[in-house]
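Here are some exercises to work through with the model open beside you. Try each task yourself before you read the solution.

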Amino acid sequence: MRRVLATVVLLAALAIPPAAHADGDPASDVLLLQDVYLPYQPVVPKPVSSALMATVKQLHKKGYPLKVAVIASQTDLGTVPQFLGRPGPYASFLESEIKFNKAKPLLVVMEAGYGTAAVAPNLASSLTAVPKPSSGSADALGRAAIAAVLKIAAADGHPIAAPKLPKASSGGGGGGGTSPAIIFGVPVLLLAIGGGLAALRARQTDRTAS
Amino acid sequence: MAAVALALLLAGCGAGDPHPPLPRSAPGVGPDARWRPPSLSHAVAEASPVAGLRCSPGPGRGRYGAHLELFAARRVVIVAPGIGIAPPRRREGAYVRGGRCSYPVRTREPTGVIEVEPGAPRAPRLSDLFALWGQPLGRRRLASFRGPVEAYVGGRRWDGDPRAIPLTRHAQIVLEIGGHVQPHTRYRFPPGL
């Protein structure tokens with residue numbers, strides 16, 4: 001009886017079809033309507049995002065329909081946050097969602113590096129020469145995406161001129177960031193002023209007392 | 001033998017796993033226009049009242065997000081950007097940033113994220129979104145598709161009329177017709193929603 005039950009359970013387990021998982025990552029929807037997915041936050045600075053879109057557009061004109069997804073955080077992954085830090089597997093997953101009857105070459109950029117799908121091996125391997133993003137900041141991710149697209153374009157025999165970009169910022173989503181002199185200097189100055197005022201008051205109190 | 005069978009069964013589950021496995025693929029969008037219904041309905045184009053909801057200028061206050069995924073024949077039906085936003089619209093690629101006015105239930109992006117403004121005459125429901133969209137919804141109808149509609153909220157089966165599903169904060173709603181797709185239980189919402 002036990003053997004029969006176990007056999008039935010085993011057969012039932014084997015008969016259950018693998019469940020298709022629902023989609024729900026934003027890039028899979030956005031890339032159907034545009035060629036670049038940019039993160040919600042931090043926001044890629046406008047000069048960098050515009051340069052990235054223009055670079056990808058140039059590559060399309062040269063006959064290579066690359067899609068690019070820049071992923072900064074789990075928010076950009078929607079229902080599949082476990083892909084954060086895994087650009088290669090995410091590229092394969094995302095490409096399966098956006099292709100119809102033919103493969104769509106895809107580049108994924110994360111702080112952890114680059115992932116590609118439906119990209120010729122020589123083009124994919126060319127990315128080993130591209131440094132990973134210098135940080136997880138929006139500016140760094142955007143610049144890294146541009147560098148990767150330029151590399152793929154060159155490896156594909158269709159080099160594109162690098163766009164002119166403003167000096168890299170050290171901040172997160174914004175443009176230039178605040179100078180360290182202001183960040184540290186202002187509190188120190190205020191403390192010094194406060195200390196000076198306290199000393200003055202103490203002297204006045206002593207004089208009054210004497 | 002029973003232990004092996006049980007292990008096989010459990011291997012496919014992963015429920016409650018703090019480190020969920022990486023899925024290998026997901027359904028793509030359906031092959032034709034039925035899976036991409038347009039965002040603009042006649043009523044919204046004219047900024048007319050819809051289901052008691054009015055089109056108002058300005059961003060509104062206290063908005064929050066809900067998320068909707070639609071599947072027909074196990075393929076994705078796009079929830080278009082711009083539902084509930086009257087033209088002329090300000091578009092930026094795949095996103096609709098604004099319009100002449102907007103309704104308290106609207107979409108600005110094609111990801112299924114629904115913006116909801118509380119304080120409407122009554123609690124917003126999924127029927128409001130579909131009314132603004134101009135697409136039918138019922139127990140046996142989902143946009144252009146006919147047949148039994150399966151509905152899930154937070155991964156749990158909703159047995160009632162899908163039109164009555166409330167658009168509560170961070171609700172994760174999945175509607176399916178013509179084939180089952182394992183529904184997600186939650187969604188990571190963009191900041192501010």
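## Exercise 1: A strand and its neighbours

B:A151 stands opposite B:L175 in β14(B). This is a predicted model, in which local features need pLDDT of at least 70 and side-chain atom pairs count only at pLDDT 80 or more, while totals for chains, interfaces and linings use all residues. Residues are numbered from 1 along each chain as its sequence is written, chains are lettered from A and ligands numbered from 1 in the order in which they are written, and side-chain values use heavy atoms, with hydrogens and water left out.

**Task.** Find which strands pair with β14(B), and in which sense.

**Solution.**
Step 1. Fix the terms: strands are DSSP runs of E with at least two residues, and helices are runs of H or I with at least four, both numbered from the N terminus. Two strands pair if DSSP finds at least two bridges between them.

Step 2. Take strand β12 (residues 149-153) of chain B: five bridges join it to β14(B), and the two run antiparallel.

Step 3. Turn to strand β1 (residues 64-72) of chain B, which pairs with β14(B) in the parallel sense over six bridges. Here B:F71 has B:E176 as its bridge partner.

**Task.** Decide whether the two faces of β14(B) are covered or open.

**Solution.**
Step 1. Apply the cut-offs: buried means under 20% relative accessible area, exposed over 50%, and partly exposed in between (1.4 Å probe, protein chains only).

Step 2. In a regular strand the side chains alternate between the two faces of the sheet.

Step 3. Sort the residues by side: B:Q172, B:V174 and B:E176 are on one, B:I173, B:L175 and B:I177 on the other, and all are buried. Both faces are therefore covered, and six of the six residues in β14 (residues 172-177) of chain B are buried.

## Exercise 2: Salt bridges

**Task.** Trace the salt-bridge network that includes B:R106 and say where B:R106 and B:E117 lie.

**Solution.**
Step 1. Use the rule that a side-chain nitrogen of Lys or Arg lies within 4 Å of a carboxyl oxygen of Asp or Glu. By this rule there are 10 salt bridges over all chains.

Step 2. Look at B:R106 and B:E117, whose closest N and O atoms are 2.8 Å apart in a salt bridge. B:R106 lies in strand β7 (residues 105-106) of chain B and B:E117 in the loop between β8 (113-116) and α3 (126-133), so the pair ties together parts that are 11 residues apart in sequence.

Step 3. Check the burial: B:R106 has a relative accessible area of 0% and is buried, and B:E117 counts as buried at 17%.

Step 4. Add the salt bridge between the side chains of B:E115 and B:R108 (2.8 Å, N to O); B:E115 is buried at 5%. The linked network consists of B:R63, B:R106, B:R108, B:E115 and B:E117.

**Task.** Explain why A:D139 and A:R143 are separated by about one helical turn.

**Solution.**
Step 1. Locate the salt bridge between their side chains (2.6 Å, N to O).

Step 2. Both lie in helix α6 (residues 138-155) of chain A, and because they are four residues apart there, about one helical turn separates them.

Step 3. Note that A:D139 and A:R143 are both buried.

## Exercise 3: A lysine in a strand

**Task.** Describe the surroundings of A:K67 and find which backbone oxygens its side chain reaches.

**Solution.**
Step 1. Place A:K67 in strand β2 (residues 67-70) of chain A; at 11% relative accessibility it counts as buried.

Step 2. Look for polar contacts (pairs of N or O atoms within 3.5 Å; within protein, one must be able to donate a hydrogen and the other to accept it, and residues adjacent in sequence count only if both atoms are side-chain atoms). The side chain of A:K67 reaches the backbone oxygen of A:L31 at 2.8 Å and that of A:Q34 at 3.4 Å.

Step 3. Widen the search to contacts, meaning heavy atoms within 4.5 Å. Leaving out residues up to four places away in sequence, A:K67 touches residues including A:D35, A:I98, A:K104 and A:L107.

## Exercise 4: Backbone geometry

**Task.** Locate B:A143 and B:H170, and decide whether each is buried or partly exposed.

**Solution.**
Step 1. B:A143 has phi near 55°, a positive value in a residue other than glycine. B:A143 sits in the loop between β10 (141-142) and β11 (145-146) of chain B and is buried, with a relative accessible area of 4%.

Step 2. For B:H170, phi is near 60°, again positive in a residue other than glycine. B:H170 belongs to the loop between β13 (156-158) and β14 of chain B and counts as partly exposed at 33%.
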